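Here are some notes on the model you asked me to look over. They take helix packing, then the sheet, then the main pocket.

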Amino acid sequence: MPDLILIRHGETEWTLSGRHTGRTDIALTPRGEEQARSLAAWISRRTIARAFVSPLARARKTAELAGLRTADFALEPDLQEWDYGAYEGRTRPEIHQERPTWDLWKDGVPPGTGAHPGESIEQVAARLDGVLVKVRAVLAENRGDVVAVAHGHSLRTLAARWLEQAPQFGARLRLEPAHFSILGFEHALPVIRQWNFGPGGE
């Protein structure tokens with residue numbers, strides 16, 4: 001059975017500063033672009049049947065620089081990052097000044113305004129469950145791997161749902177910029193084959 005490969009986008013300015021980056025469309029830094037390019041050799045050794053890519057620029061650019069041809073991938077709105085609502089653009093230390101025990105996975109986010117109304121963890125999980133329906137349909141054709149290029153929290157939630165766990169399990173799955181993870185099956189059970197590997201499989 002082919003695998004599901006998860007790729008988190010490369011570094012951005014907000015990644016460096018620790019700001020929660022949900023729907024704000026931040027570009028990759030030059031280093032983030034290099035990180036994405038460094039994935040291309042590894043990707044070229046896989047047989048890719050289909051790629052699903054978040055429409056946000058940082059994910060699209062990562063997919064392109066990693067060698068995924070735009071003709072071969074579909075933009076998938078449901079892979080967008082968690083909508084952080086009123087916490088969009090804020091860092092964890094800033095939020096802890098107001099809410100010292102706050103944790104995204106347990107406490108969620110307060111509603112925002114305009115382009116950032118906010119999402120509950122249940123809403124995030126529901127849309128990613130829909131992505132997994134599409135992924136499993138392609139995997140069942142047995143033509144090759146499926147790639148999902150997206151964001152830290154959305155991919156961690158997607159992995160939790162692949163493993164048939166509550167979305168909060170994603171809190172236990174650290175995922176760094178421009179790192180990849182491989183999900184698959186063992187004896188028909190969904191498993192993690194590799195997690196949080198850097199360019200070149202390191």
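At what angle do helix α7 and α8 pack, and how far apart are their axes? The points below start there; note that this is a predicted model.

1. Helix α7 covers residues 121-140, and it packs against α8 at an angle of about 65 degrees. The two axes are 9 Å apart. The crossing of α7 past α8 is right-handed. Angle and distance are quoted together because two packed helices are described by the angle between their axes and the distance between the axes.

2. On the α7 side, the contact is made by V124, A125, L128, D129, V131, L132, V135, R136 and L139. From α8 come S154, T157, L158, R161 and W162. Sorted by class, this contact has nine nonpolar, two polar and three charged residues.

3. The sheet is open and has six strands, in the order β3-β2-β4-β1-β5-β6, with mixed pairing. β3 and β6 are the edge strands, each pairing on one side only. From one strand to the next the twist averages 20 degrees.

4. Strand β2 (residues 48-53) has two parallel partners to check. With β4 (residues 145-150) it runs parallel and is joined by five bridges. With β3 (residues 73-75) it also runs parallel, here over three bridges. V53 has V149 as its bridge partner in β4 and stands opposite L75 in β3. A51 is bridged to F73 of β3.

5. At the β6 end of the strand order, the pairing is antiparallel: β5 (residues 180-186) and β6 (residues 189-197) share six bridges. One of the bridged pairs is G184 with V191 of β6. β5 and β6 form a hairpin with two residues between them. In that turn, H187 has a positive phi of about 50 degrees, a value to look at when you inspect the backbone.

6. Two helices can be placed against the sheet. Helix α4 (residues 57-65) lies across β1 (4-8), β2, β3 and β4, and runs at about 140 degrees to β4. α7, the helix of point 1, packs on the sheet as well, touching β1, β2 and β4. The direction of α7 makes about 170 degrees with that of β2. α7 therefore has contacts to list on two counts: with the sheet and, as set out above, with α8.

7. The largest pocket holds about 760 Å³ of space. Its lining has 32 residues, and R8, G18, H153, R156 and L175 lie nearest the centre of the pocket. Helices α1 (13-17), α2 (30-37), α6 (104-107) and α8 (152-162) each supply at least two residues of this lining.

8. What is the class make-up of the lining of the largest pocket? There are 10 nonpolar, 11 polar and 11 charged residues. α8 appears in both parts of this note, as a supplier of lining residues and as the partner of α7.

Key: Residues are numbered from 1 along each chain as its sequence is written. This is a predicted model: local features need pLDDT of at least 70, side-chain atom pairs count only at pLDDT 80 or more; totals for chains, interfaces and linings use all residues. Side-chain values use heavy atoms; hydrogens and water are left out. On a 1 Å grid over the protein atoms alone, a cavity is a set of points where a 1.4 Å probe fits but cannot get out, and a pocket is an open set with protein on both sides within 12 Å along at least five of seven lines; lining residues have an atom within 4 Å of a point. Grid points are joined across faces, edges and corners, and a volume is the space filled by probe spheres set on the points. Helices (H or I, at least four residues) and strands (E, at least two) are DSSP runs, numbered from the N terminus. Ala, Val, Leu, Ile, Met, Phe, Trp, Tyr, Cys and Pro count as nonpolar, Asp, Glu, Lys and Arg as charged, and the others, Gly among them, as polar. Two strands pair if DSSP finds at least two bridges between them. Axes are lines fitted to C-alpha atoms, for helices over the stretch in contact, and angles run from 0 to 180 degrees between N-to-C directions. A crossing is left-handed if the near helix is turned anticlockwise from the far one by less than a right angle, and right-handed if clockwise. Contact means heavy atoms within 4.5 Å.
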